[in-house]
Amino acid sequence: TVNGQKVKEVTLTVEMSVKLGAVSLTYLASLPSLPTADAGLTKGSVRSSSLQWQNFSKFLSVLNKSAEPRQLVEHLLRGAVELLNADRGFVLLRGSKGGKLQPVVQYPKEHPDDFIAISLSICEQSLSDEKLLVVTNSGEDERFRTAASLAHFPAPRSVYCAPLSSGSKVFGAIYVDRPIID
C-alpha cells in the first residue's frame with residue numbers, strides 16, 4: 001500500500017509512505033546530514049556511515065524506479081543480499097492451508113529452474129518463533145548441525161531468515177545466506 005491505498009504502480013514522491021507487510025518506508029527527497037568527527041565519532045566510523053548512506057541512497061533510488069510489487073520485492077531482496085554481504089537470497093511463501101514453503105523470488109537469478117538448497121529447518125524455526133533467526137555457522141550451531149536440509153551444502157554457511165507476516169498471519173520468509181570463509 002502507498003499512503004494507505006492499494007496500488008499496482010506508482011512513482012514515489014517526497015514523504016510518500018510505502019507499506020510492504022509489516023514494514024513501512026517513507027521516501028525522502030534527501031538524506032539527513034551525516035555526523036562529523038566533532039560529534040565524537042572516529043574518522044573510520046564517519047567514513048563507514050558515509051558509505052552506508054551512499055548505499056542506502058542508491059537502494060532508495062532503485063526502489064523509486066520499481067513499477068510493480070514483484071519488482072519492489074526483487075529490489076528489496078537484492079538490497080538485503082548486498083547489505084548482508086551474502087551471495088544469494090530467497091523470498092519463500094507458504095502454500096495454501098499452511099503448506100510447504102516455496103521460493104517465489106531469488107537473487108541472483110542465475111539458474112531459476114535449478115534445485116535450490118536452503119535450510120527448511122532454519123526457515124521453519126524462524127517462522128515458528130516469528131522472529132529473525134541468525135545462524136553464524138550452520139556447521140557449529142547445535143540447533144541445526146544435524147538437519148538434513150543442511151546436508152546439501154559442501155561447507156557451513158551463515159544464514160539470516162526472517163518471517164514475512166501480515167497482522168498475525170505468517171505467510172512466508174526471506175532467507176539470505178553465504179558460505180563461511182576462513
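The following exchange examines a predicted model through its sheet, its helices and several individual residues.

User: In what order do the strands of the open sheet lie, and which are the edge strands?

Analyst: The open sheet is built from 5 strands, and their pairing is antiparallel. Their order is 4-3-7-6-5. An edge strand pairs on one side only, which holds for strand 4 (101-107) and strand 5 (133-135). From one strand to the next, the twist averages 20 degrees. The order is thus 4-3-7-6-5, and the edge strands are strand 4 and strand 5.

User: Over how many bridges do strand 6 and strand 7 pair?

Analyst: Strand 6 covers residues 157-166, and strand 7 covers residues 169-179. Within this pair, R157 stands opposite P179 of strand 7. The two strands run in the antiparallel sense, and the number of bridges is 10.

User: Which strands does helix 3 touch where it packs on the sheet?

Analyst: Helix 3 spans residues 120-129, and its direction makes about 40 degrees with that of strand 6. The strands it touches are strand 3, strand 4, strand 5, strand 6 and strand 7.

User: Why does the distance between the end C-alpha atoms of helix 2 agree with its length, and what is that distance?

Analyst: Helix 2 comprises 15 residues, 69-83, and at 1.5 Å a residue it should span 21 Å. The computed separation of its end C-alpha atoms matches this expectation, so the distance agrees with the length: 21 Å.

User: Which residues of helix 2 are buried?

Analyst: A residue counts as buried when its relative accessible area is under 20%. In helix 2 this condition is met by L72, E74, L77, G79, A80 and V81.

User: Is D177 buried or exposed, and what is the length of the polar contact between its side chain and that of R157?

Analyst: D177 is found in strand 7. Its relative accessible area is 0%, so D177 is buried. Leaving aside neighbours within four places in sequence, its contacts include A86, D87, R88 and F153, as well as R157. The polar contact that joins the side chains of D177 and R157 has a length of 2.9 Å.

User: Why is there no bond between the sulfur atoms of C161 and C123, and how far apart are they?

Analyst: A disulfide is a covalent bond between the sulfur atoms of two cysteines. C123 counts as buried at 0% relative accessibility, and C161 is likewise buried at 0%. The sulfur of C123 is the closest cysteine sulfur to that of C161, yet the separation is too far for a bond: 3.8 Å.

User: Which residue is joined to P108 by a cis peptide bond?

Analyst: Most residues other than glycine have a negative phi, and most peptide bonds are trans. P108 is found in the loop between strand 4 and helix 3. Omega is about -5 degrees for the cis bond, and the residue joined to P108 is Y107.

User: Where does N85 lie, and what is its phi?

Analyst: N85 lies in the loop between helix 2 and strand 3. Its relative accessible area is 61%, so N85 is exposed. Although N85 is not a glycine, its phi is positive, at about 55 degrees.

User: What separates the C-alpha atoms of S165 and E130?

Analyst: S165 lies in strand 6 and is partly exposed, with a relative accessible area of 22%. E130 has its place in the loop between helix 3 and strand 5 and is exposed at 52%. The two residues are 35 residues apart along the chain, while their C-alpha atoms are separated by 8.6 Å.

Conventions
Residues numbered from 1 in each chain as written. Predicted model: local features only at pLDDT ≥ 70, side-chain atom pairs only at ≥ 80, totals over all residues. Heavy atoms only, no water. Helix = DSSP H or I, 4+ residues; strand = E, 2+ residues; numbered from the N terminus. Buried < 20%, exposed > 50% of the residue type's maximum accessible area, 1.4 Å probe, protein only. Polar contact = N/O pair within 3.5 Å; in protein donor to acceptor, adjacent residues only side chain to side chain. Contact = heavy atoms within 4.5 Å. Expected span 1.5 Å × (residues − 1). Pairing = 2+ DSSP bridges. Axes fitted to C-alpha atoms, helices over the stretch in contact; angles between N-to-C directions. Disulfide = S-S within 2.5 Å.
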